[in-house]
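Trainee: I would like to take a close look at a single part of this model, and then to see how that part sits within its surroundings.

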Amino acid sequence: MSKIDLMKHVNEQSPWQDVTQGTHVYGSGNSEFFNTGDWRTSIPKWHPESCKQCLLCFPVCPDSSIIVREKKREDFDFFHCKGCGICAKVCPFGAISMHEEGGEA
Amino acid sequence: MSDYKYPKIDKKSKAPAFRERMSGNEAVSYAIRQIDPDVIAAFPITPSTEIPQYISKYKADGKISTEFVTVESEHSAMSACIGASASGVRAMTATSSAGMALMYELLYVAASDRLPVVMAAVNRALTGPININADHSDSMGARDSGWIQIYSENAQEAYDNMLMAHRIGEHPDVKLPVMICQDGFITSHAIENILLESDEFAKEFVGEYTPEKFLLNTKESLGVGPYGISPYYMEAKRGQEQAMENAREVIAQISKLYSDATGRLYDFFEAYRMDDAEYAILIMGSASGTAKDAVDNLRAEGKKVGLIKLRVFRPFPFDKIAQALSKVKGLAIMDRSEGFSASGGPLGAEVRSALYGRVDGIKTINYIYGLGGRDMRVRDFEDIYAEIMAIKADEIPELYKYYGVRER
C-alpha cells in the first residue's frame, strides 16, 4: 500500500480492524500528512512589503514550514507550522510578526 | 484468520527421538541450538545464567550461527531483541526475576510492536526480601504485558514448549512475543531423563521465519513503534487483544501438530485423573508432578481426586477450564505468587473469573504456596485435598489462605 493509500485507509476514524498490525507505518514520509498546524497557539504573519528575501528565516524553521520556490520565500505552510516564532526572532527586517492564534492579525 | 498452512511434519523420515539426561536450562539451551535463532541478546541472572553460558559455548564451538549480543543489562537485552525482531529476524533471550523486572518496560513494547520475540523464562522470586529460588512472581508481574505465557512442569516440557514457541508467536494472525516458563532450580538445575528430538525434526518443526513486513527490507520502507496518540492507542490495544484471542486457535493447532509428531501430548492444560474427579487441584509448574503423586496415593484409597495442570496462562483458556471443572465439588487453586489483592493470587482470580456464571457452587479455596522456593511435598498436597474434601455443603470456605507458612 502506498503512503497515500495508507493515509486514506488509516485515520482517526478508522475501526481497529483497519489500523495496521502493531500500528506499523508502511511507507516513509507520512508525517507530511499530519496536521501539526493545529498545535499552534501563536501564528506568524509574513509582511512581503518589508521582506528583502534574505532567506534567514527558511533554514531556522524546525518544521520546514517556510516554502521557498525559485530562491524566493512564499507564505507559510500553515498545515505544519507550529507557531514557534523562531522565524520572527531571526528576521532582521521586521517582516514576520507573531499573533495570537485565532485572534485578529 | 488468514489461510495459514500448518506444516505437515513427516516424522517417519527423521531420526527418532533419543534418550538423554539434562537439566531444564540445558534442555532449553539444546532447543535453542536446534532453533539456531538469528539473534540472542541476554544478560546473566540466577537461575537462568546457564542458558546464555550454553549459548556462548555453542557459539564458540561453531554449532550455531546466532549473533550473540552480550548486553550490559536486561533492559538492553530486550531492547536488542526488539530491534532485531523488527529488522525481520528471530530474536531470543533468557532471564529470571529482577532481570525480567528490568525488562518490563520493553516487554510491553515487544508485544505492542507485535514482535514474536521468544524468551526462556526461569521463574524466580522477585526481591524482597532478596531470594533466588522458585516462585512465579516474576512472570506473573508480566502477565498483563501482552506476552503469550506457557508454563512447563519439567525439563521435557520446557524443551518441547520451546520448540513450539516460534510457530505460535510468528503466526501471521498472532505476531506476539512468547515466554516459555520453567521453575528456577527445581526444573532449571535438576537433571532429569529427557527425550530429545533430532536436529532435523526440530528444524523442520520450527521452520523458517519469513515476516511480511520488516525493517531491513530494501524494497519497502516501514516504521515500527510510532507514537500512539489517543485516537489510535485503543485501536492498537484492541488489535493486540484480538491477536491473543487468535493465539488460542494457533496454540491448539501447533500443540496438536507437535503431539501427533512426538507422541507427547500438549494442550492448554493437562487433566490428570479428572474423568470422575469430585475434588481437584489446579496448579502450574514443577509442583504439579508432586501433586500428581498425591492424586495417585488418594486414588489408591478410593478417593475421587484429580488435577488440572495449567500450561497456557496467556491467553487464558477460561472456557475449557470451566468445562473441565464443571463436575467437581471442591477445588484448590494453587498460586505460587502473591498478588497482594488481599483476596488471593493471580491464578485464583483468573480461575474464579472463568467459573463465575459458567460453573457455580464449587467449594473453592485459593492457596498461596511455595513462595521463594518453599518446598511442597506429596503429603502437603494430600493435606490440601483433605481440606477441600472436608468443606461442608452449607459452608462458605475461606477465600484464600497461605499453605506451608509458620503460624503461631
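In β9(B), which residue is the bridge partner of Y26(A)?

Mentor: The bridge partner of Y26(A) in β9(B) is L222(B), and since we are reading a predicted model, it is worth placing that pair in its setting with some care. Strand β1 of chain A, residues 25–26, is joined by two bridges to strand β9 of chain B, residues 222–223, and these two strands run antiparallel. Looking at the contact between the chains as a whole, chain A gives 12 residues and chain B gives 17 residues. On the side of chain A that touches chain B, the residues fall into four nonpolar, seven polar and one charged. As for how far to trust the picture, the predictor assigns the complex an ipTM of 0.89 and a pTM of 0.92, while chain B has a mean pLDDT of 97, with 100% of its residues at 70 or more.

Turning to chain B itself, the domain assignment gives domain 1 as 16–210 + 228–262 and domain 2 as 269–402. The C-alpha centres of these two domains of chain B lie 27 Å apart, and the contact between them takes 26 residues from domain 1 and 20 residues from domain 2. On the side of domain 1 of chain B that touches domain 2, the elements giving two or more residues are α5 (137–141), β6 (148–151) and α8 (230–262) of chain B, and the largest share, five residues, comes from α8(B). By class, that side of domain 1 of chain B holds 12 nonpolar, eight polar and six charged residues.

Another detail of chain B that repays inspection is a pair of helices, α6 (residues 155–169) and α7 (residues 199–206), which pack at an angle of about 25° with their axes 9 Å apart. Angles under 35 degrees count as roughly parallel, and α6(B) and α7(B) are therefore roughly parallel to each other. From α6(B) the contact is made by L163(B), H166(B) and R167(B), and from α7(B) by A202(B), F205(B) and V206(B). Sorted by class, the residues of this contact of α6(B) with α7(B) comprise four nonpolar, one polar and one charged. To return to your question, then, the pair to find in the display is Y26(A) with L222(B) of β9(B), within the antiparallel pairing of β1 of chain A and β9 of chain B.

Key: Residues numbered from 1 in each chain as written. Chains lettered and ligands numbered in written order. Predicted model: local features only at pLDDT ≥ 70, side-chain atom pairs only at ≥ 80, totals over all residues. Axes fitted to C-alpha atoms, helices over the stretch in contact; angles between N-to-C directions. Helix = DSSP H or I, 4+ residues; strand = E, 2+ residues; numbered from the N terminus. Parallel < 35°, antiparallel > 145°, perpendicular 65-115°, else oblique. Contact = placed C-beta atoms within 7 Å. Nonpolar A, V, L, I, M, F, W, Y, C, P; charged D, E, K, R; others polar. Pairing = 2+ DSSP bridges. Domains from an automatic or database assignment. pLDDT = per-residue confidence, 0-100.
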